[in-house]
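The following questions and answers examine how terms used for a protein structure rest on computed values. Please look at the sequence and the structure first.

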Amino acid sequence: MHHDVIIVGAGFAGMYLLHKLRTAGYTAQVLEAGDGVGGTWYWNRYPGARCDVQSIDYSFSFDPALEQQWQWSEKYATQPEILRYANHVADRYDLRRDIRFGTRVKQARFDEQRNVWHIESANGEVFTAQFYVMATGCLSVPKDIDIAGAERFCGQTYHTAHWPHEGVDFSGKRVAVIGTGSSAVQSIPLIAAEASQLTVFQRTPAFSLPAANRPLDRYEIGAIKANYREHREAARHSAFGVPMPIVTTSALEVSAEQRQRAYQAGWDGGTLNGMLQSFGDLLLNQAANDTAADFMRDKIRAIVRDPATAETLCPYDFPFGTKRPCLDTRYYETFNLPHVELVDLRKTPLTEISAAGVRTSDRERAFDAIVFATGFDAMTGALVNVDIRGVDGLALKEKWADGPRTYLGLGIAGFPNMFTITGPGSPSVMSNMMVSIEQHVDWIAACLDFMRAHGHDRIEASSDAEAAWVEHVNQVADATLFPKANSWYMGANVPGKPRVFLPYIGGVGPYRQKCDEVAQAGYAGFRFAAAAEVARSAG
Ligand code: N01
């Protein structure tokens with residue numbers, strides 16, 4: 001089956017791209033491994049799963065009628081509500097007729113003679129298209145469980161990213177949670193509410209802020225909707241895709257009392273970036289960052305009653321904000337419950353999973369269920385999991401052996417007519433994904449229109465433009481504290497993965513401006529060709 005565009009993934013990126021392209025008169029087919037739309041919100045159904053970007057921001061802006069009609073019920077929407085929204089979008093724009101569910105893409109190969117992508121699914125179906133777009137998300141491939149013996153365990157095992165659709169009842173069960181990132185921080189309080197005993201195995205403590213979640217009342221929603229267009233525009237030109245005042249003051253140039261007040265306001269505000277953006281240098285200057293980290297550790301000590309447990313929950317070995325902070329609802333408070341235990345894997349490393357439970361260097365603990373909240377092969381995992389072959393049969397996996405190389409996180413030299421949405425080298429996970437998704441989709445659609453208008457059949461990022469962009473992405477990251485952390489932003493959570501800062505931290509607004517300038521300059525840094533020229537040069 002031939003289409004103008006094959007899109008992989010029916011999350012928010014794939015859905016909006018399908019809608020946008022169809023409206024512009026292209027034929028497009030989405031291939032989706034799951035049985036429903038929603039991407040990350042289809043898979044991550046663990047208890048407590050919510051978005052920690054506010055609902056009013058974590059939603060599409062492309063259709064004013066949609067944003068006026070849809071009613072979010074809470075400041076931070078739950079996974080089921082976001083999934084309902086995704087399904088509403090699919091129905092509203094009649095997307096399902098061009099989405100093939102249960103179709104996992106295995107291989108994609110570019111045919112240079114015909115200027116066409118050949119895409120093969122795991123069940124042997126073959127599709128062809130002029131353009132191939134990976135809308136596969138940044139956190140969609142769970143990291144392999146790198147703990148010996150996991151297959152030996154006789155009880156139930158779960159991964160937060162592949163939670164059973166029917167839910168899990170932990171009542172009366174002895175439960176282990178391994179990991180303390182966002183997925184664990186959200187699920188631990190709810191699992192503790194059901195389980196008879198909960199043991200949390202922590203290797204690296206996270207910094208977590210209270211979400212201060214609450215229902216949205218209709219007056220508040222009305223006020224937002226009255227001003228939605230301006231709000232969206234501000235988001236597009238902001239640092240992280242959410243409108244926020246830009247503070248340039250250093251944390252070190254104000255008094256201790258002023259700092260405390262600013263941090264307290266950030267803590268009380270209940271947003272992911274509020275505290276981080278209370279001063280201009282928290283992500284740039286270690287001494288400034290230390291003041292925020294000290295504030296956070298004091299908060300943990302004030303909440304957690306047992307001093308030894310509190311100290312174990314205090315992060316020390318990375319600057320605040322350089323591993324993604326978490327937003328929680330009663331996470332630290334959960335460790336005050338008598339049936340909740342925290343195991344510090346730095347003191348007693350996890351040696352293996354046994355038939356009965358989890359063995360650490362000092363002892364074995366028996367469980368009925370183990371929850372792996374161990375994270376993802378972020379940003380590149382979903383891209384290299386497909387065997388993608390570009391010019392001269394070059395494999396993407398091979399090209400990226402030392403880390404991903406892209407031009408703007410949109411195009412890759414050697415892979416003509418292929419785009420990535422929120423790919424490595426773009427703001428992606430350093431932003432409100434909805435804003436970045438819409439920006440990439442709009443940019444790609446405008447690029448295809450440009451090609452159609454100019455009779456171009458092929459587009460490819462040049463190696464020079466790609467090299468310059470990779471250098472810029474690294475320079476910007478190196479000016480921050482991010483490289484100090486062993487984070488998934490750095491690829492450091494996956495054994496053997498090259499240590500490279502994966503997203504672009506230059507800001508959503510400046511990045512958008514750069515992409516717009518590239519487009520206005522006739523897609524500077526990309527090379528175009530007509531099919532005839534391609535065939536001649538190949539021959
Ligand atoms: O994964 P993570 P996540 N033995 O990588 C530990 C987004 N998200 O699924 O740090 C023992 O953050 C690991 O320890 P360490 C969000 O962007 C968003 O929680 O490697 N422990 C860590 O504690 C988030 O950042 C939302 O030492 C092991 C944990 O497992 C991203 O997804 C909600 C281990 C993994 O934490 C990933 O979050 C959820 C081992 N062998 C997620 N291997 C919202 O928007 C790993 N760990 C709300």
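**The ligand and its surroundings**

Domain 1 (2–141 + 378–538) and domain 2 (142–205 + 329–375) each contribute at least three residues to the shell around the ligand. The model is predicted.

Q: What makes a residue part of the group that surrounds the ligand, and how many residues are there?
A: A residue belongs to the group if one of its heavy atoms lies within 4 Å of the ligand. The ligand is surrounded by 25 residues, and the closest are Arg50, Asp146, Ser183, Thr204 and Lys323. Helix H5 (residues 182–194) provides three residues, the largest share of this shell.

Q: How is the shell around the ligand divided by class?
A: Nine of its residues are nonpolar, nine are polar and seven are charged.

Q: Why is the pair formed by Lys143 and the ligand called a polar contact?
A: A polar contact requires a pair of N or O atoms within 3.5 Å. A polar side-chain atom of Lys143 lies 2.8 Å from a nitrogen atom of the ligand, so the pair meets this limit.

Q: How do you know that Thr180 and Trp488 also make polar contacts with the ligand?
A: For Thr180, a polar backbone atom is 2.9 Å from an oxygen atom of the ligand. For Trp488, an N or O atom in the side chain is 3.0 Å from an oxygen atom of the ligand. Both distances are within 3.5 Å, and therefore both pairs count as polar contacts. Of the 910 Å² that the ligand exposes when taken alone, the protein buries 89%.

Q: Why are strand S8 and strand S16 called paired?
A: Pairing requires at least two bridges between two strands. Four bridges join strand S8 (residues 174–178) to strand S16 (residues 369–372), so the two strands pair, and they run parallel. Ile178 stands opposite Phe372 in S16.

Q: What is the order of the open sheet of five strands with parallel pairing, and what makes a strand an edge strand there?
A: The order is S7-S16-S8-S9-S12. Strand S7 (156–159) and strand S12 (340–344) are the edge strands, as each pairs on one side only. From one strand to the next, the twist averages 20 degrees.

Q: How do you know that strand S14 pairs with S15?
A: Three bridges join strand S14 (residues 357–360) to S15, and at least two are needed, so the strands pair; they run antiparallel. Val358 stands opposite Arg365 in S15. These strands belong to an open sheet of three strands with the order S13-S14-S15.

Key:
Residues numbered from 1 in each chain as written. Predicted model: local features only at pLDDT ≥ 70, side-chain atom pairs only at ≥ 80, totals over all residues. Heavy atoms only, no water. Polar contact = N/O pair within 3.5 Å; in protein donor to acceptor, adjacent residues only side chain to side chain. Areas by Shrake-Rupley, 256 points an atom, 1.4 Å probe, with all protein chains shown as cover. Nonpolar A, V, L, I, M, F, W, Y, C, P; charged D, E, K, R; others polar. Domains from an automatic or database assignment. Axes fitted to C-alpha atoms, helices over the stretch in contact; angles between N-to-C directions.
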